[in-house]
Amino acid sequence: MTLSEPIWLHVCDIDAIPRLGSRVMPHAGGDIALFRTEADKVFALRDKCPHKGGALSQGIVHGERVTCPLHAWNIDLATGQACAPDVGCARRFAVRIDADQVYLCVDDVDDAGDEAPGKTTEPAEPAAA
Ligand code: FES
């Protein structure tokens with residue numbers, strides 16, 4: 001193993017995340033939401049909408065997006081980016097699945113505080129109606 005190889009933190013069995021749902025992993029830097037798609041892909045985002053901080057874990061998962069429960073912004077699960085016309089980004093974390101076990105990249109998680117420079121995007125103003 002070289003120093004540059006990521007270290008993965010075991011989080012849970014994939015079945016601990018409901019299909020088309022989510023599970024929250026508490027973290028000192030802010031909760032992390034793990035989402036499972038219908039196709040059993042798993043994504044991890046800061047559980048904080050880039051609009052006004054709604055809990056994305058309580059949103060509706062469809063395709064590879066989640067719709068925020070507060071004002072219905074759609075967030076791309078792979079990138080954390082709000083879908084146009086909205087603008088903003090939820091912090092994403094690298095996920096690995098191995099033998100139905102879900103792992104998060106420790107480097108990402110250890111540096112997961114909202115205060116980390118360059119790691120978060122400030123909430124965007126809502127798009128003009
Ligand atoms: S807080 Fe998520 S859409 Fe407004």
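**Exercise 1. The three-stranded sheet**

Task: Determine in which order the three strands of the open sheet are arranged, and which of them are the edge strands.

Solution. Step 1: In this predicted model, three strands make up an open sheet whose order is S1-S10-S9, with antiparallel pairing. Step 2: Strand S1 (8–13) and strand S9 (95–98) are the edge strands, since each pairs on one side only. Step 3: From one strand to the next, the twist averages 30°. Step 4: S1 and S10 run antiparallel and are joined by five bridges. Within this pair, Cys-12 has Val-102 in S10 as its bridge partner.

**Exercise 2. The four-stranded sheet**

Task: Trace the open sheet of four strands from one edge to the other, and give the number of bridges for the pairs S2 with S3 and S4 with S8.

Solution. Step 1: The order of the four strands is S2-S3-S4-S8, and the pairing is antiparallel. Step 2: S2 and strand S8 (92–93) stand at the edges, each pairing on one side only. Step 3: Strand S2 (residues 21–25) is linked to strand S3 (residues 32–36) by five bridges. In this pair, Gly-21 is opposite Arg-36 in S3. Step 4: S2 and S3 form a hairpin, with six residues between them. In the turn, Gly-30 has a positive phi of about 130°. Step 5: Strand S4 (residues 42–46) and S8 are paired in the antiparallel sense over two bridges. Ala-44 faces Phe-93 in S8 across this pair.

**Exercise 3. The nonpolar core**

Task: Identify the residues that touch the most other members of the largest nonpolar core, and describe the surroundings of Leu-34.

Solution. Step 1: The largest nonpolar core holds 25 residues. Those touching the most other members are Leu-34, Phe-35, Ala-44, Leu-56 and Ile-75. Step 2: At least two residues of this core come from each of S3, S4 and strand S10 (101–105). Step 3: Leaving aside residues up to four places away in sequence, Leu-34 touches Val-11, Ile-17, Ser-22, Arg-23, Met-25, Val-42, Ala-44 and Val-102. Step 4: As a general principle, nonpolar side chains in soluble globular proteins tend to be buried together.

**Exercise 4. Val-106**

Task: State in which element Val-106 lies, whether Val-106 is buried or partly exposed, and which residues Val-106 touches.

Solution. Step 1: Val-106 belongs to helix H1 (residues 106–110). Step 2: A residue is buried if 20 or more other C-beta atoms lie within 10 Å of its own, and exposed if 12 or fewer do. Val-106 has 13 other C-beta atoms within 10 Å and is therefore partly exposed. Step 3: Not counting residues up to four places away in sequence, Val-106 touches Ile-7, Trp-8 and Leu-9. Step 4: Val-106 and Ile-7 are 99 residues apart along the chain, yet their C-alpha atoms are separated by 5.4 Å.

**Exercise 5. Unusual backbone geometry**

Task: Locate the cis peptide bond, and locate Leu-20 and Ala-72, which have a positive phi.

Solution. Step 1: Most residues other than glycine have a negative phi, and most peptide bonds are trans. Step 2: The cis peptide bond joins Ala-84 and Pro-85, with omega at about 10°. Pro-85 is found in the loop between strand S7 (74–76) and S8. Step 3: Leu-20, although not a glycine, has a positive phi of about 60°. Leu-20 is placed in the loop between S1 and S2, and is partly exposed because 14 other C-beta atoms lie within 10 Å. Step 4: Ala-72, also not a glycine, has a positive phi of about 65°. Ala-72 is in the loop between strand S6 (65–67) and S7. Because Ala-72 has 12 C-beta neighbours inside 10 Å, Ala-72 counts as exposed.

**Exercise 6. The whole chain and its confidence**

Task: Summarise the secondary structure of the chain, and decide where the pLDDT is below 50.

Solution. Step 1: The chain contains one helix and ten strands. From the N terminus on, the elements follow the pattern β-β-β-β-β-β-β-β-β-β-α. Step 2: Of the 129 residues in the chain, 30% are buried. Step 3: The mean pLDDT is 87, and 84% of the residues reach 70 or more. Step 4: The pLDDT is below 50 over residues 115–129. Step 5: Where pLDDT is low, the predicted coordinates should not be read in detail.

How values were computed
Residues numbered from 1 in each chain as written. Predicted model: local features only at pLDDT ≥ 70, side-chain atom pairs only at ≥ 80, totals over all residues. Pairing = 2+ DSSP bridges. Contact = placed C-beta atoms within 7 Å. Core = buried A, V, L, I, M, F, W, Y, C linked by C-beta atoms within 7 Å. Axes fitted to C-alpha atoms, helices over the stretch in contact; angles between N-to-C directions. pLDDT = per-residue confidence, 0-100.
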